[in-house]
Amino acid sequence: MSIEPSSNGSGRQCTETIQIAACVHPLQCMCGNNMSLPLLAEAVTVSGTEKETAAVIFLHGLGDSGHGWADAMTAIQLPHVKYICPHAPRIPVTLNMKMTMPSWFDLMGLSPDSPEDEAGIKRAAENIKAIIDHEAKNGIPANRVLLGGFSQGGALSLYTALTCQQQLAGVVALSCWLPLHKSFPQAASASGNRDMPILQCHGEMDPMIPVQFGAMTAEKLKVIVNPQKITFRTYPGLMHSSCPQEMAAVKEFIEKQLPRI
């Protein structure tokens, strides 16, 4: 079985397409001065247009790169927020016949009962936490950092936030699931994010991560964090992708959780 790399393209009922472009926006830079953090060193960063007092770390899906989502973040940019879009390392992916591609961790299957790459998931989460620590040392505290991601990237953002001892601003989880879900709520026992806002969005026609899997994830999250802080939105006709309506919801969520200070 082989799956296609994930995309943040249009959905069936969306009237416009969010393009994935390889070009770097004028406000984007490759942060080559952070060589101690390889993910950050090569990440695409969309800089704020005024003093940066908050950050969004957004993780792409399987087979993708940070460039497309940096363009999507630019389209909903807030002037005081920095957007960091790292590239996943290239590794062999079991689900894709061991082909090497950008992937945050190995994937064996896309069902709730599939075996999981526990060591790879935990290692990837520590790498994202290192970016959060780096931002804190450079003036943006963890409670002004919001994690987000699409598909496998969304899955990693959820796992990272729920196992992070530092309090974060929130999570945007698009078309994804909770990795190592059977380890929760115990895995979140030391988390500083039991009261963290989560925006979860999913296409109702998603053929890769069915919307029912997203709904199961939302229900699981309600026993881990304050259920009143969880928002689960679905989009009719949308497949394994994003659309303008969803991105408008993402922008609204970011504005609420990361207000100008």
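**Exercise 1.** State which elements make the right-handed β-α-β unit, and place strand β4 among its pairing partners.

*Solution.*
Step 1. In this predicted model, a right-handed β-α-β unit is made by β3, helix α2 (residues 66-75) and β4.
Step 2. β3 spans residues 54-59 and runs parallel to β4, with four bridges joining the two. Within this pair, Ile-57 is opposite Ile-84 of β4.
Step 3. β4 also pairs with strand β2 (residues 44-46), here in the antiparallel sense and over three bridges. Val-44 faces Cys-85 of β4 across this pairing.

**Exercise 2.** Sort the residues of β4 by the way they point, and decide whether they are buried or exposed.

*Solution.*
Step 1. Side chains in a regular strand alternate between the two faces of the sheet.
Step 2. In β4, one way is taken by Val-81, Tyr-83 and Cys-85, and the other by Lys-82 and Ile-84.
Step 3. The cut-off for buried is under 20% relative accessible area. All of these residues are buried, Lys-82 included.
Step 4. For the strand (residues 81-85), the count is therefore five buried of five, and β4 is mostly covered.

**Exercise 3.** Describe the largest pocket by its volume, its lining and the elements that supply the lining.

*Solution.*
Step 1. The largest pocket holds about 240 Å³ of space.
Step 2. It is lined by 16 residues, and those closest to the pocket centre are Leu-39, Pro-89, Arg-123, Ala-124 and Asn-127.
Step 3. Two or more lining residues come from each of α1 (38-42) and α3 (118-137). α3 gives the most, six residues.
Step 4. By class, the lining has ten nonpolar, four polar and two charged residues.

**Exercise 4.** Do the same for the second largest pocket: give its volume, lining residues and contributing elements.

*Solution.*
Step 1. The volume of the second largest pocket is about 170 Å³.
Step 2. Its lining consists of Pro-197, Leu-199, Lys-229, Thr-231, Arg-233, Ala-249, Glu-252, Phe-253, Lys-256 and Gln-257.
Step 3. At least two of these residues come from β10 (230-235), and at least two from α6 (244-257). With five residues, α6 supplies the largest share.
Step 4. The lining of the second largest pocket divides into four nonpolar, two polar and four charged residues.

Note on methods
Residues are numbered from 1 along each chain as its sequence is written. This is a predicted model: local features need pLDDT of at least 70, side-chain atom pairs count only at pLDDT 80 or more; totals for chains, interfaces and linings use all residues. Side-chain values use heavy atoms; hydrogens and water are left out. On a 1 Å grid over the protein atoms alone, a cavity is a set of points where a 1.4 Å probe fits but cannot get out, and a pocket is an open set with protein on both sides within 12 Å along at least five of seven lines; lining residues have an atom within 4 Å of a point. Grid points are joined across faces, edges and corners, and a volume is the space filled by probe spheres set on the points. Ala, Val, Leu, Ile, Met, Phe, Trp, Tyr, Cys and Pro count as nonpolar, Asp, Glu, Lys and Arg as charged, and the others, Gly among them, as polar. Buried means under 20% relative accessible area, exposed over 50%, partly exposed in between (1.4 Å probe, protein chains only). Two strands pair if DSSP finds at least two bridges between them. A crossover is right-handed if, with the strands pointing away from the viewer, the path from the first strand over the helix to the second runs clockwise.
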